Amino acid sequence: MSICPKNKSSKGRRDSRRANWKMSTMNLVACPNCGNLMLPHRVCKNCGTYNKKEIVTTD
Ligand SMILES: [Zn+2]
């Protein structure tokens with residue numbers, strides 16, 4: 001079994017594949033602690049909490 005491409009992709013096929021690659025819209029969730037919009041699965045920048053626990057001390 002080879003992982004090499006069997007046939008050369010034409011310019012049109014290659015470009016159409018890359019044309020579909022776009023920057024996905026950043027989805028934000030509201031922090032359960034302060035309600036600030038933040039990235040999911042990340043420590044809240046506003047209050048420094050994650051999973052209802054304070055991780056980073058903010059003042
Ligand atoms: Zn917060």
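What is the mean pLDDT of the protein chain, and what share of its residues reach 70 or more? I looked this up before anything else, since the model is predicted. The mean comes to 88, and 98% of the residues reach 70 or more. I then went through the elements: strand β4, residues 53-54, has the lowest mean pLDDT at 82, while β2 has the highest at 94.

**Entry: overall layout**

I counted 1 helix and 4 strands in the protein chain. Read from the N terminus, the order is α-β-β-β-β. The radius of gyration is 21 Å, well over the 10 Å that the globule rule gives for 59 residues, so the chain is more spread out than a compact globule. I also took the spans of the C-alpha trace along its principal axes, which are about 60 × 25 × 15 Å.

Next I checked burial and contacts. Buried residues make up 12% of the 59 residues. Of the contacts with a separation of 6 or more, 0% come from residues 24 or more positions apart. The chain exposes about 6000 Å², and carbon and sulfur atoms supply 54% of that area.

**Entry: the zinc site**

Which residues coordinate the zinc ion? I found C31, C34, C44 and C47, each through its SG atom, at 2.2 to 2.3 Å. Along the chain these donors follow the spacing C-x2-C-x9-C-x2-C. C34 and C44 are 10 residues apart and link distant parts of the chain: C34 is in the loop between β1 (29-30) and β2 (37-38), and C44 is in the loop between β2 and β3 (49-50).

I looked at the geometry too. The angles among the 4 donor atoms run from 107 to 113°, and the site is tetrahedral. For comparison, the ideal angle for four tetrahedral donors is 109.5 degrees.

Is C44 buried or exposed? C44 is buried, with a relative accessible area of 2%. C34, by contrast, is partly exposed at 35%. The cut-off for buried is under 20% relative accessible area, so C44 falls below it and C34 does not.

I listed the neighbours of C34 as well, leaving out residues up to four places away in sequence: C34 touches C44, N46 and C47. Two of these names, C44 and C47, appear again as zinc donors.

**Entry: T49 and its surroundings**

I moved on to T49, which sits in strand β3. T49 is buried, with a relative accessible area of 9%. What does T49 touch, not counting residues up to four places away in sequence? The list is C31, N33, V43, C44, E54 and I55. Among them, C31 and C44 are donors to the zinc ion. I also took a distance from T49 to another donor: the C-alpha atoms of C34 and T49 are 9.2 Å apart, with their positions 15 residues apart along the chain.

**Entry: I55**

I55 belongs to the segment after β4. I55 is exposed, at 52% relative accessible area. The cut-off for exposed is over 50%, so I55 passes it. With residues up to four places away in sequence set aside, I55 touches V43, G48, T49 and Y50. V43 is a contact of T49 as well. From I55 I took the C-alpha distance to C44, which is 9.1 Å for a pair 11 residues apart along the chain.

**Entry: positive phi angles**

Which residue in the loop between β2 and β3 has a positive phi although it is not a glycine? I noted H41, with a phi of about 65°. H41 counts as exposed, at 69% relative accessibility. The loop that holds H41 is also the one that holds the zinc donor C44.

N51 is another residue other than glycine with a positive phi, near 55°. I found N51 in the loop between β3 and β4. N51 counts as exposed too, at 60% relative accessibility.

**Entry: looking back**

I drew the notes together around the zinc ion. Its donors are C31, C34, C44 and C47, and T49 touches C31 and C44 among others. I55 in turn touches T49.

Notes
Residues are numbered from 1 along each chain as its sequence is written. This is a predicted model: local features need pLDDT of at least 70, side-chain atom pairs count only at pLDDT 80 or more; totals for chains, interfaces and linings use all residues. Side-chain values use heavy atoms; hydrogens and water are left out. Helices (H or I, at least four residues) and strands (E, at least two) are DSSP runs, numbered from the N terminus. The radius of gyration is taken over C-alpha atoms; the globule rule is 2.2 Å times the number of residues to the power 0.38. Buried means under 20% relative accessible area, exposed over 50%, partly exposed in between (1.4 Å probe, protein chains only). Contact means heavy atoms within 4.5 Å. Accessible areas come from the Shrake-Rupley method with a 1.4 Å probe; for residues, only the protein chains shown count as cover. Donors are N, O and S atoms within 2.8 Å of the metal (3.2 Å for Na, K and Ca); water is not among the atoms, so sites may look incomplete. Four donors count as tetrahedral if all angles lie between 85 and 135 degrees; four count as square planar and six as octahedral if opposite donors are over 155 degrees apart and all others between 65 and 115; anything else is irregular. pLDDT is the predictor's confidence in each residue, from 0 to 100.
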